[in-house]
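Student: I'd like to go through this one by asking how each label was earned. Can we start with the overall layout and then get picky?

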Amino acid sequence: MRNASVVTEFILLGVPHTEDLETMLFVLFLSFYIFTLIGNLLILLAIVSSTRLHTPMYFFLCELSMCDIFFPSVSSPKMLFYLSGKSRAISYAGCVSQLFFCHFLGCTECFLYTVMAYDRFVAICYPLRYTIIMSHRACALLAMGTSFFGCIQATFLTALTFQLPYCGPNEVDYYFCDIPVMLKLACADTSTLEMVGFISVGLMPLSCFLLILTSYSCIVCSILQIQSTEGRHRAFSTCSAHLTAILLSFMPVVLIYLQPTPNPWLNATVQVLNNLVTPMLNPLIYSLRNKEVKHSLRKVLQEVAFLPEK
């Protein structure tokens with residue numbers, strides 16, 4: 001990646017129109033961040049410690065929990081740092097890293113939701129062949145594939161953004177380095193790159209969403225054929241939880257990157273919800289409402305609580 005910039009650091013201005021609210025925002029965002037970390041770490045602990053949960057669905061949930069731990073960690077520590085009254089400056093390399101890892105983890109989650117929808121499709125539509133289709137090897141390849149393609153997408157978008165020269169203003173009107181706000185600071189015509197980025201950012205989630213929609217359409221058809229009322233209810237309950245998490249993940253992408261006239265305040269608000277609130281809610285939506293996960297977690301916590309002293 002070519003660094004043609006004379007700018008060595010950027011200044012993060014934070015969430016627009018929130019002057020004099022730094023203390024309140026610090027407490028609020030810190031609470032979200034802590035609950036996000038605790039919730040997802042508990043899910044990992046519950047799944048890893050219980051052999052009953054060593055299935056493809058929970059394997060992908062582990063990967064989702066890891067993404068939900070790292071995704072808010074890309075921007076939240078720096079945001080909390082300057083909200084506490086410290087410096088708002090971020091180095092050029094730090095800005096590049098923020099943009100790359102934000103899109104790497106975001107794209108990985110997007111692909112992961114698609115894989116999870118496929119997993120549910122196979123489990124409900126082809127239950128007798130499930131263990132053969134979703135073998136350990138297949139799960140490992142799918143998991144690595146989500147990260148690989150997420151890395152490819154993020155590398156392309158980061159290279160597209162930072163191959164531009166940054167030689168003038170260095171104040172980022174946002175709380176972290178992202179494509180729309182960085183392009184505004186470039187000392188060159190960005191219209192062509194904006195169009196390429198728009199197509200790239202829009203095409204990937206749209207393709208994933210169409211695949212997810214196809215999977216769940218087939219799932220609904222299969223569920224309607226289930227004779228047992230309890231079986232239909234359980235299948236619908238699982239699918240509705242997954243679809244809720246998917247909508248919470250995909251809607252911010254539409255609002256932020258595909259709107260014709262960007263609104264900095266709206267973008268920042270939606271991005272905060274996407275970075276902090278959605279990863280905090282995912283454990284509740286996917287796992288902590290699941291009886292098997294709650295049983296496993298309760299067992300682990302009881303074992304820790306009654307662990308004899310040495």
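Tutor: Sure. Reading from the N terminus, the elements run β-α-α-β-α-α-α-β-α-α-α-α-α, which gives ten helices and three strands. Keep in mind that this is a predicted model.

Student: What share of the chain is buried?

Tutor: Buried residues make up 48% of the 310 residues. The accessible surface comes to about 16000 Å², and 69% of that belongs to carbon and sulfur atoms.

Student: How do you know that Val7 counts as buried?

Tutor: Buried means under 20% relative accessible area. Val7 has 9% relative accessibility, so it counts as buried. Val7 sits in the segment before β1 (9-12).

Student: What is Val7 in contact with, leaving aside its neighbours within four places in sequence?

Tutor: Tyr92, Tyr166, Cys167, Gly168 and Asn170. Take Cys167: Val7 and Cys167 are 160 residues apart in sequence, yet their C-alpha atoms are 5.6 Å apart in space. Across the chain, of the contacts between residues at least 6 apart in sequence, 80% join residues at least 24 apart.

Student: On to charges. Why is the Glu22 and Arg88 pair called a salt bridge?

Tutor: The cut-off is a side-chain nitrogen of Lys or Arg within 4 Å of a carboxyl oxygen of Asp or Glu. For Glu22 and Arg88 the closest N and O atoms are 3.8 Å apart, so the pair meets the cut-off of 4 Å. This pair links distant parts of the chain, with Glu22 in helix α1 (residues 22-49) and Arg88 in the loop between α2 and β2 (89-91), 66 residues apart.

Student: What makes Glu22 partly exposed?

Tutor: Partly exposed is what lies between under 20% and over 50%. Glu22 has 26% relative accessibility, so partly exposed is the right label. Arg88 has a relative accessible area of 24%, so it gets that label too.

Student: How many salt bridges does the structure hold?

Tutor: Two. Besides the pair we just did, Arg120 and Asp119 meet in a salt bridge at 3.0 Å, N to O. With a limit of 4 Å, that pair therefore qualifies. Both Arg120 and Asp119 are buried.

Student: Now the empty space. How many cavities of 30 Å³ or more does the search find?

Tutor: Four, over the whole structure. The largest cavity holds about 300 Å³ of space.

Student: And why call that a cavity and not a pocket?

Tutor: Because a cavity is made of points where a 1.4 Å probe fits but cannot get out, while a pocket is an open set. The largest cavity is lined by 23 residues, with Phe71, Gly106, Cys107, Val253 and Asn274 nearest its centre.

Student: Which helices each supply at least two residues of that lining?

Tutor: α2 (56-83), α3 (92-125), α5 (136-162), α7 (191-224), α8 (229-257) and α9 (264-288). By type, the lining divides into 14 nonpolar, seven polar and two charged residues.

Student: Last one. Is Asn274 buried or exposed?

Tutor: Asn274 has a relative accessible area of 11%, so it is buried, the limit being under 20%. Asn274 lies in helix α9. Not counting residues up to four places away in sequence, Asn274 touches Phe71, Leu248, Ser249, Pro252 and Pro279. Phe71 turns up again there: like Asn274, Phe71 is among the lining residues nearest the centre of the largest cavity.

Notes
Residues numbered from 1 in each chain as written. Predicted model: local features only at pLDDT ≥ 70, side-chain atom pairs only at ≥ 80, totals over all residues. Heavy atoms only, no water. Helix = DSSP H or I, 4+ residues; strand = E, 2+ residues; numbered from the N terminus. Buried < 20%, exposed > 50% of the residue type's maximum accessible area, 1.4 Å probe, protein only. Contact = heavy atoms within 4.5 Å. Areas by Shrake-Rupley, 256 points an atom, 1.4 Å probe, with all protein chains shown as cover. 1 Å grid on protein atoms, 1.4 Å probe; cavity = no way out; pocket = protein on both sides within 12 Å on 5 of 7 lines; lining within 4 Å. Points joined across faces, edges and corners; volume = space filled by probe spheres on them. Nonpolar A, V, L, I, M, F, W, Y, C, P; charged D, E, K, R; others polar.
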